[in-house]
Amino acid sequence: MSPRTSLLIAVLIAASTASGDEGISHFESKVRPVLVKHCYECHSAASGKSKGGLRLDTREAIRTGGDSGPAVVPGDPSKSLLLSAIKHTDPDLEMPPNKPRLPTSIIADLETWIKSGAPDPRTSTTHPVERPPVDLESGRQFWSYRKPLMPADHSKGIDGFIRARLAEHQLKPAPEADRITLLRRLYLDLIGLPPTPEQAAAFSRDTYEATVDELLRSPRFGERWGKHWLDVARFAESNGRESNLTFPHAWRYRDYVIDAVNADIPFDRFITEQISGDLLPARNGVEHARLLTATGFLAIGAKGLNEQNKTQFAADVADEQLDAVTRAFTASSIACARCHDHKTDPFSMEDYYALTGIFKSTTTFYGNWIDSENNNHGHLIRLPDLPRQVIPGRSLPPDRVKQLKDQLARLNADEQEQNDYIAKAKAEGKDLSGEFHKLLSNALRILWTRGGVEGQLEAVDEQGRALPLCMGAKDASKISDSPLFERGEIAHPGKVVARGFPQVFDVSAPRPNKQSGRLELARWLTHRDHPLTARVMVNRIWHHLIGTGIVRTVDNFGFSGERPSHPELLDYLAVKFMDGGWSVKAMIKEIVMSQTYRQSSASHNAPGAIESDPDNRLLSHAHRRRLDAEVIRDSMLAVSGQLDVSRRPGSLVAELDGQSVSMIDFNTKLPSDLDGTTRRSVYLPVVRDHLPDVLEQFDAANPNLVTGARDVTNVPLQALYLMNGPFVQAQAKALAQRVMNEAPSASERLQRAFALCFNRAMDDREQALIETFFKSARGDDLARFTAICQSLLASAEFRFVD
Amino acid sequence: MGLAMLGLADLQASTSKPHFAPKAKRVIHFFLNGGPSHVDTFDPKPALSRYEGKPLPSHRITERKTGAAFPSPFKFQRYGKSGIEVSEIFARTAQHIDDIAVIRSMQAQVPNHEPSLMLMNCGDSIQARPSMGAWLTYGLGSENQNLPGFVAMCPGGMPIKGAENWQSAFLPGAFQGTYVDSKHGDVDKLIENIRSPHADTQVQMKQLDLLRRINLAHQRERSDPRLEARIQSFELAFRMQSEATDAFDVSREPQHIRDLYGNGVHGRQTLIARRLLERGVRMVQLWHGAGQPWDNHADIEFNHRKLAGEIDQPIAALLHDLKQRGMLDETLVLWGGEFGRTPSVELAGGKSKLGRDHNHYGFSVWMAGGGIKGGTVHGSTDEFGFAAQDNPTSIHDLHATILHLLGIDHEHLTYRYAGRDFRLTDVYGDVIRPVVA
C-alpha cells in the first residue's frame, strides 16, 4: 500500500471511530495530534520509517513497541518507554531527537492517556513492522520461511496477479509493445543478441510463440542464461584476494553450466549435480565427467591460499562453500552465524556448524600448487578419458617428465638432509640461531620449487601427455560432524553438532549419514516443502526478464531483505515451477508469454497516477533496461558481422604461463583489454580483479560475490570506452565495411546499418542529419561510414532494450 | 566554438548559485574505510591505562565480544598552539593541528560496516539515497566542464558496498561519482580509453554531434531521465580527453612536490586529488583501499601503524600544499571512517586479539580548511572513549555542517522524488557552529 493511501485510510478510520467516548476523545484531541506532529515523521507507515523498529501509528504497533520494548503499556506510565523518552529521563533515549523537550502540558496529557488505559481507536491498517525473530517459532512465521502454496485464485496466471494490484491503485496496464520492440526485447533477453533484419522481417505477432520456442532451443540461449547462473555461482578463473592464482581448469565448469542450461536440466537436478555430482551414479564416462565437473561450483570460490594453518584454511574453505550454496540457492546469509547467532535472521550457530560438518567432510580440488603465494596445495580431479576431449594443458616431452621426477627426488633428499641436520644439532644441544636465515631460505627453496614440480607432474601422465583435469569436490576420507567453534575460532571447539540443516525450515528430508551429506543437502534444498529454493530461482528468472525482482533484493530473502511486491504471484510461480518439473525454460516461457512481459515501456497512465508508484513496482508498464556488458559487446559483434559463435575451446586463462595473475600485466602475449577475440563474451577470461575492459566498464558481476542483480551505472568512462576503445572502433569499421559490401548506394547502406543496429528504418530526419554529417566529414567513404556506424553503436538506442 | 555545438551550455549545469556566501568551494574526503580507532588517533584516553586488563566500569554491548580495557599502544603528544593531543601514528598530520577541528563525539547508528558506510556517505543506513558528492554536484554544479564533478578513487578495487558509496540514487545519473582505480600510475591505465584515436578533434566532435542528435531523437519519444544522463556522459567524456590526461598525470608536478606527497599509491592519489580540486572538481573521495583495510579486529598496533603510515605523509603534504597555494581556505578537508573502535579489547574464545571491535557509540572525525575553526576540539567521549558524551554529533549534523560551509542550507537543498522532497539530512541535522570559523 502506498503511504498516501494508507494515510487516507487512517484518516477515514479516525473519522469514523472518533466517538463520544471520553477516553477516545482525549486521545483524538490531546494525543493523536502530538504523535502526528512529533513522532510520525520517524515512526509511521506513512513516512515509511520505523526507527528503532518502532511504529507509533497503530494501536498494535505502539503497544508492541520497538527494539527497546513496548512504547506504551496501558495503565502503566512507568513501563511506557514513550513517556520516559519524551520526559528525557534516560539520556540514551530522548525523543524527539535533538530537539528541546516537549512542553510539560503535553507530557502530562500523554501520561493521563496511558494511565487511563491508553484507549486507541487506530486499528491496524497494515501489518506491524516485522521484527527480527527472537525465536524459531516467530522465524517460521516470516513470509519467506513458510512454504509456498498455490493461491486459490490463479486462473488468470501472471497477468491476473499483476492486474489485480494495478486495479487496486487505479492504474492501467500498458498495451502491448510494438512488433519490433517486442522482438528485440525477446531476442536480447533470451539469447543476448539482436534479431537480424531478416529475422525481424519474418516476425509477426502470430509467430510470437514459435519465436519463443525457437530461441529457447537455440544454443545461444545457454550462453546468455548460463552467464546469469555463472554470476550467481561467483564463477571466476582465478582465486582473487591476496594470492590471485589462476584456475586453468575452471572453464570446464563454465561449459558445464552452458550445456546444462541449453539441455534444460531440471533445476532441482542442476542443484544436485553442482553440490553432489561426485556422489551420483553415472551411466558412462561422459556422464561421469559431466557430474564431476559440476562440483566445480564448490571449488571456484576465492580462498585465503597463504593461510599457514591447515585447520583454519579448511574452516575458511568450508565457510566459503556454505556461504555460496546458501546465498545462491536460498538467498540467505546463514554464514553470518559463524561467530554469533544471526543478528536479523533465524539462524543459530548450531545451524551454521550443522552445515559446516557437511563441507568439512568434503575435499575440495582447486589445483593451485604450493609456491611463495600459496601454502595449500589444491590438487585436481582426473577426468575419464573421452573422445574429442578438449585438453588445453601442455604436454611435456617424456625426458622432461624424467627430469622433473629426478628433481623431485633431489628436493626430497635435500629436505631429508636438512631435517637430519637440524635434528642432530638439537640432540647435541647446538645453537643454530646463527644459521637460521640460511636454513630458512633453504627450506623455502625446497618447499616452493617442489610445489611447482609436483604441480607440473600432476597435470601429465607418465609419458608427459597432458591429462584431462577438472576442479571440483569429493567426499573426504574422514566423515565427521563439526564442533561449534566459540566465536568462530578454531582454537575453541565446543560441543559437536550433528550434520544437518537449519532448524527454521520445516522440511522433512533425510539427514546426512555415512557420506559427507552433500547429497542429502541437495535433496533437502530441492524438497517440495523447501520454502526458498523455488521462490528464489523464479524470482531470479523474473528479475532478468522484467528488469526487477518480485523481491527486489534477489540475493536476500531474509528479514533485512525487501518484501515481495506480489507475494501471491511469487508463490504461484514457485509452485508452478516445481509442478512443471523445475524446468527453467518452461518458466521463462510462461513469463514471456504473459501480457505483463509484452507490454510497452511507455506508461499509459496520467503522470500524477504514476507518482504513487515511482519505481514501477506494480508493473503498469515494462521497465526500460540497459543491456548487460556481455550483450552490448556481443550485439556489436553480431551487427558488424564479426561474431564467431563457436565455443572457445578451453580458455585464455588455461594458456597462461605459470599460476600467478600478477604476471598478466607483463604478459605481452595478452591483449591489453583481455579481449582480442570475436567469440561471445561468456568465453572471455574471468580473472578476479582483472576483468576485461568491457565487462569492467559496464558493471559485470564482481566474481567475488554471489550476484543475482548487477549494478547499472552510467559514468563518462563508459562513454570513453565507446568513443575510443579499440574494440568498438574495430566493430564500427567492420560494420561500415559490411554495409558497403552489402548495399550499393549511400542511402541504402545507411538503411542497412539502421536495420542491423536497430531493426528499423532510418527516418527522414535522421537521414538528413547523417547526410549533413557525411558531406561535412573528412576522409574517404570507409572513414565516414565508420564514424557513422560508431555513432550508431554508441547510441542509447543500441544499448537499451525498450 | 565547437563546445556550444555539443549543446553543453544547457546540459550539465555549470556552477549553480549557493544559498549564501560559501566558505568552501570543494571537498576532499579521506575515507579510512573499515573504521579507524579514535582512541588510537585523535581521542586520547589515559584512563584506559588505569584499567588495563580489567573490565571497564561502563561497558557497552559490542558486536563481537570485547573484554578488558585496552590502552592505546601509541604515544600521544600535544601539538601546535592549540595543544591538541594526537597519536604518534599521525604525527605529520598533527603538525597542522591548528588548522584542524576534531569532532570527538560522532555517533553512527549500528556497529556494522554496510549501513554505517551508507549513513556516512548517503545519510541513511538502509534506504538507497544519493551520496553527499552527488548532492553537492547537484546543488553546486561543477566548476570544470571538462572533468567529472565528483571523483572517487580507491586503489586496487572497490570498498565494501562498491559504487553505492558514491551513487546518485534518485538524483540524475550525471551526478554519480566517477570511480578511478588509483593503483595505476599510468594515465592510460587510470582512465582507460582516455586518448582519442583521432588526430583531429574536429572529426570526433562532428561524430559526437551526430551521436547527440541521434540520442536526442531517441529521447524525445521516451521520457527517461537516464537517457539524458547518457547524453551528458558522452559530452563529458569528450571534454575529459582534453583535460583528464593532464589532471591525472602527476609526473607533471615538480619533483619536490612529488617528494612532499611521497611515492606510494596514497601519495599519488592524494596529489591527483589536489590537481583535480585545483581544476574545479567539486568533491574527491580518497578511499584507503579495497574492502575495509582499517577494520583491525586484531593486532591494532601493527595494523594501524602500517595504515596510518601510508596516509599520514600524504595528508600532511596536502594540507601544506593547499595552504601554500592559497587553496586551503576554500577547500574543506574531511577525515574519518564509518565508525570508530572499542576501547575494550576484542576477544576470540576468551583470548585477546590485541584488536578492537566496531564502535558506533562514539568516534572522531576531523575537518580542516574552508571555513573551519582550526585548533578546535568539539564534543567528547566518556572517560574511556566508549560513547559520545558532550555534544553528541550525528552524521546528519556533520552533513549539515559540510553543506553549510559550502554555502548551502541543508534544509533547502531538496529533490522531489516519489511525491516527496528529499534532503541529504532527511529531517535531521544541525550545523555544528563551534567548528565553524
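This short dialogue reads features of chains A and B in a predicted model.

Q: What are the ground rules for this model?
A: Residues are numbered from 1 along each chain as its sequence is written, while chains are lettered from A and ligands numbered from 1 in the order in which they are written. Because the model is predicted, local features need pLDDT of at least 70 and side-chain atom pairs count only at pLDDT 80 or more, whereas totals for chains, interfaces and linings use all residues.

Q: How many helices and strands does chain B have?
A: Helices (H or I, at least four residues) and strands (E, at least two) are DSSP runs, numbered from the N terminus. Chain B has 12 helices and 16 strands.

Q: What share of chain B is buried?
A: A residue is buried if 20 or more other C-beta atoms, placed from the backbone, lie within 10 Å of its own C-beta. In chain B, 59% of the 437 residues qualify.

Q: Which domains does chain A have?
A: Domain bounds come from an automatic or database domain assignment. For chain A it gives domain 1 (3-129), domain 2 (157-217 + 532-624), domain 3 (266-370 + 476-525), domain 4 (395-465) and domain 5 (626-801). The C-alpha centres of domains 2 and 4 of chain A are 61 Å apart.

Q: How does the span of helix α11 of chain A compare with what it should be?
A: The expected span is 1.5 Å times one less than the number of residues. For the 14 residues of α11(A), 219-232, that gives 20 Å; the end C-alpha atoms are 21 Å apart, which agrees.

Q: Why is α11(A) described as largely enclosed?
A: Because 13 of its 14 residues are buried. After α11(A) comes A:R234, with a positive phi near 45°.

How values were computed
Buried ≥ 20, exposed ≤ 12 C-beta atoms within 10 Å, placed from the backbone.
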